[in-house]
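Visitor: Please take a close look at one part of this model with me, namely the packing of its interior. I would like one connected account that I can follow residue by residue.

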Amino acid sequence: MAYDADAFTRSASSAWQPVPHYVAYRNTRERVTALIQAHPDSERRPVPACPGWTVGRLLAHLVENCRLAETNTATPELSDRPMCLEEPGTAELLSEWARSAAVVEQAVAALPGPAAGSLLLMDAFTHEYDVRVALEEPLPHDHTAFPGAFEVALTGFAGAVLWRGLPPVRIETEDFSRNIGKGRPAAVLRGSRVEVYRSLVGRRTPYQIAALDWSADPRPWMPAFGWGPFTPPAETAER
């Protein structure tokens, strides 16, 4: 969902500098690959944020999304290749992801505009953190994908705020501040970039979202945290 560019303001610290989406995507893919390779049993680990999924299934999803993006670039490399690998193992999936991503990253790098590849980046980055939780690895606060992925998440949230006719709200992290909606904010939500992002992408319960630092009663804005493919879970999946 799009929102009026005049409806927000932002101030960013020097630590919050976006990089091209294809660079951030490559970095995310390399991080996920390293995480999975460091845990020999990773493919069987359940993913709390994605009920019913294992890390192996999540990896297959990431590869499928990359393959879809590759198809959309109309590259001839896919002309005689099946879209689905038959029961691939982890090594085969990682190899296919690297191959496909090289094509996609090159294509995205050639596209005009800063939004190219943004949805693919957000999906991969969000799932990197899902993998980290599944493998009991820390969630880094410094990541090249944060600015680009956050932009997509904020756009979706802002669209939900406007579509639902909710009052404007201000979001502040250690890196930036932004007014969502038109007019003077009726509330301010403050939190770390990790907690705010995970709240925006359906990884925090309404209770966890309400427990963030709000300057007013957060209940009016709770419906906006359900947007696009995201719905806050009823039960805590991550702490």
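Guide: Tryptophan 97 touches Tyr25, Arg29, Val32, Thr33, Leu59, Leu62, Val63 and Cys66, leaving out residues up to four places away in sequence, where contact means heavy atoms within 4.5 Å. This is a predicted model, in which local features need pLDDT of at least 70 and side-chain atom pairs count only at pLDDT 80 or more, while totals for chains, interfaces and linings use all residues. Residues are numbered from 1 along each chain as its sequence is written, and side-chain values use heavy atoms, with hydrogens and water left out.

Tryptophan 97 is also, together with Phe157, Tyr197 and Trp214, one of the residues with the most contacts inside the largest nonpolar core, which has 63 residues. A nonpolar core is here a set of buried Ala, Val, Leu, Ile, Met, Phe, Trp, Tyr and Cys residues joined through side-chain atoms within 4.5 Å, and buried means under 20% relative accessible area, exposed over 50%, and partly exposed in between (1.4 Å probe, protein chains only). The elements that give two or more residues to this core are α1 (21–37), α2 (55–72), α3 (90–110), α4, α5, β1 (169–172), β3 (187–190) and α6 (193–200); these names follow DSSP runs numbered from the N terminus, with helices (H or I) of at least four residues and strands (E) of at least two. The largest contribution to this core, ten residues, comes from α5.

Among the helices of the core, α1 has His21, Ala24, Tyr25, Thr28, Arg29, Val32, Thr33, Leu35 and Ile36 buried, and these buried residues pack against α2, α3, α4 and α5. The 17 residues of α1 should span 24 Å at 1.5 Å a residue, and its end C-alpha atoms are 24 Å apart, which agrees; the expected span is 1.5 Å times one less than the number of residues. Threonine 90, which lies in helix α3, is buried with a relative accessible area of 18%, and, apart from its neighbours within four places in sequence, threonine 90 is in contact with Ile36, Glu43 and Leu59.

Helix α5 covers residues 146–163, and for its 18 residues the expected span is 26 Å, with which the 25 Å between its end C-alpha atoms agrees. Of these 18 residues 14 are buried, so α5 is largely enclosed by the rest of the structure. Just after α5, glycine 165 takes a positive phi of about 70°.

The loop between α4 (118–134) and α5 holds histidine 143, and aspartate 142 has its place in the loop between α4 and α5 as well. Histidine 143 is buried, with a relative accessible area of 7%, whereas aspartate 142 is exposed, with 55%. Histidine 143 touches Asn27, Thr28, Arg31, Phe125, Glu128 and Tyr129, not counting residues up to four places away, and its side chain makes a polar contact of 2.6 Å with that of glutamate 128. A polar contact is a pair of N or O atoms within 3.5 Å; within protein, one must be able to donate a hydrogen and the other to accept it, and residues adjacent in sequence count only if both atoms are side-chain atoms. Aspartate 142, with its neighbours within four places left aside, is in contact with Arg31 and Arg193, and its side chain makes a polar contact with the side chain of arginine 193 at 3.1 Å.

Arginine 193 in turn lies over the face of phenylalanine 146, at 5.8 Å from the ring centre; such a charge is counted if NZ of Lys or CZ of Arg is within 6 Å of the ring centre and within 35 degrees of the ring normal. Phe146 itself belongs to a cluster in which ring pairs link Phe125, Tyr129, Phe146, Phe150, Phe176 and Tyr197. Rings of Phe, Tyr and Trp (its six-membered ring) pair if their centres lie within 6.5 Å, with planes under 30 degrees apart counted as stacked, over 60 as edge-to-face and the rest as tilted.

By this rule there are 13 aromatic pairs. Tryptophan 214 and phenylalanine 225 form an edge-to-face pair, 6.4 Å centre to centre with 70° between the planes. Tryptophan 214 is buried, with a relative accessible area of 11%, and phenylalanine 225 counts as buried at 1%.
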